[in-house]
Protein chains: 2
Amino acid sequence: MKLRRRTEPDLIAAIRRDFAVRRPGLALGLGDDAAAVRPGKEPFLLTTDLLVEGSHFIRSLNPPFYLGRKSLNVNISDIAAMGGRPRYALLGLGVPRTIPKAWLEEFFAGIRNAARERGVALIGGDLSRSDKILISVTLVGEGKRFISRSGARPGDALFISGFPGRAQAGFELLAQGVRFGRDKDSDALIRAFLDPVPQVELGMDLARRSAASAMLDMSDGLSVDVHNLCRESGCGAEVEEKAIPIAAELLRLRKSHVRDALYGGEDYGLLFSAAPSQLAKVRGLSKKFNLTRIGRLTRSRDIILVKRSGRKVPFKPGGFRHF
Amino acid sequence: MKLRRRTEPDLIAAIRRDFAVRRPGLALGLGDDAAAVRPGKEPFLLTTDLLVEGSHFIRSLNPPFYLGRKSLNVNISDIAAMGGRPRYALLGLGVPRTIPKAWLEEFFAGIRNAARERGVALIGGDLSRSDKILISVTLVGEGKRFISRSGARPGDALFISGFPGRAQAGFELLAQGVRFGRDKDSDALIRAFLDPVPQVELGMDLARRSAASAMLDMSDGLSVDVHNLCRESGCGAEVEEKAIPIAAELLRLRKSHVRDALYGGEDYGLLFSAAPSQLAKVRGLSKKFNLTRIGRLTRSRDIILVKRSGRKVPFKPGGFRHF
């Protein structure tokens, strides 16, 4: 972690102290021009995400502890979407001169908390001044057999993990002024938005068994993410609206629960395809994880939504915009 | 390269096309949740930098082609400072909705140009909307023997490569309204600021020969960077003012050339120490690179500047602020 132009020596010292870690593969951690990591036998997986205040989060809605966790976890989710094991993180952080010390402490506490939870070591970073808060995380994972977005074939079944639309509903509750503590259902939805859970174990289990032909993590919402998987795999899909699992709290609190589930983003469940020969493996994993078959991949490039009535309509990529 | 919420599908397609690359170690490049890189035998070196409009660059002063090059090259410079070989890059880019298409094209042309020049493959990224331009680059390098900041010992000699202060002078010329084409001297200084050259070959040669005991790249200016090296190595230094090499154009154009050289940042030359037993190796490299011995490391923790008069004064960490 270097700091340009010596703006925050105390903060840097605290970060280096709090994030100091020794582990077998790490030859050199925070504090130098670059970190050094000894390669193992598995490929390295690398991903980066940029979170911008006002575009991806709002300071008044995203408490810094959860924002720290989420910044790391959305990147961990990308590693999970490859079936990999998250290992190392680098953090670029831009903050205004006026940022309260408590904000920074809580943000870094969130980063540390999520890092420990997932066995990730923070090995590098860069701190800057900026008008708005900027968070750039790069995550390094490892994975012997990784699952790309492009391996799906016509005839494969399409699955999702978890219950889509909860994060969208949670965001809207927050935007309406609801905070933690109103009721259990609201809390669950707000938590889904503020503190998404990357599906690392599921991703690794699918990769280990070569059960999935293609996979991604759902950040943009089901409609967009189905398009993404199909585009990369060169196929189409039929998604059964009646198969989409709706969380109980979503059903109770939101009239728009179907729309939430089809178009709401930031749930970070996994969307994956499985060849017919692999379905038994997926069924096996269903005992451990919440998996739902929502449709199938087709030779035609069209992405179709089969309504409850049986009517087939184009499943247009749409999305809520949060901010 | 994912794009959140499908804001720029054409741009993403162009980037994937323009940056498509096949190389032995790269198992999966742009377009998936993460890139996959097969490990070689050498440690991976990882570094990240965040560049923020208004803090690290100004749109009116930094032409996008050079800004693209510089964004990559300042990270390559961190790999050079470890003695490593730059290999892969990930890019997080935030741009305002109003950004001209030509700006983006030239910025990416600069990224591509610098990447090709240095054998670097762009393997991942994230595009976002933001009010100001934000550039986050993560660079992955490889290096069998890397040189940290912490290996210097009292009695080691202190060297720099190149001529410090040129970038600072170039920035000030630009801020005064001078542009390329006024005269050869100004052009050289402006270029030093807009288009710094990472010292990759020098870094690798020093590492290969185990000639340097500690090393970093000078981004904050000599005074700060000497402090950084000494702090990490737990020693002090005496720097001879009269030994600091002053570029001819700096001497001709700037009355403040000594101050420029002592305190001006962003030159990205290498600052390194060498044990007495290694000095012959450094002398050997002096035939190929522009190296100057500027002082020595001491047991005392003090950082001393020996003035031309022979008077010793504290070499306080100071720096110009560009913006």
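What turn and what shift along the axis lay chain A on chain B? In this predicted model, a turn of 180° combined with a shift of 0.0 Å along the axis brings chain A onto chain B, with an RMSD of 0.0 Å. The two copies are therefore related as by a two-fold rotation axis. A handy landmark for finding this axis is Pro39(A), the residue of chain A that comes closest to it, with its C-alpha at 2.8 Å. The contact between the chains can be described in a similar way: 100% of the interface residues of chain A are also interface residues in chain B, so the copies meet through the same surface.

Turning to the organisation within one chain, chain A is divided into domain 1, covering residues 2-142, and domain 2, covering residues 157-314. Between the C-alpha centres of these two domains of chain A there is a separation of 27 Å. The domains touch one another through 18 residues of domain 1 of chain A, which are in contact with 18 residues of domain 2 of chain A.

On the domain 1 side of this contact in chain A, helix 2 (64-80) and strand 5 (85-95) each supply at least two residues. Helix 2 of chain A gives the most to this side, with nine residues. As for chemical character, the residues with which domain 1 of chain A touches domain 2 of chain A divide into nine nonpolar, four polar and five charged.

Key:
Residues numbered from 1 in each chain as written. Chains lettered and ligands numbered in written order. Predicted model: local features only at pLDDT ≥ 70, side-chain atom pairs only at ≥ 80, totals over all residues. Domains from an automatic or database assignment. Contact = placed C-beta atoms within 7 Å. Helix = DSSP H or I, 4+ residues; strand = E, 2+ residues; numbered from the N terminus. Nonpolar A, V, L, I, M, F, W, Y, C, P; charged D, E, K, R; others polar. Least-squares fit on C-alpha atoms with pLDDT ≥ 70 in both.
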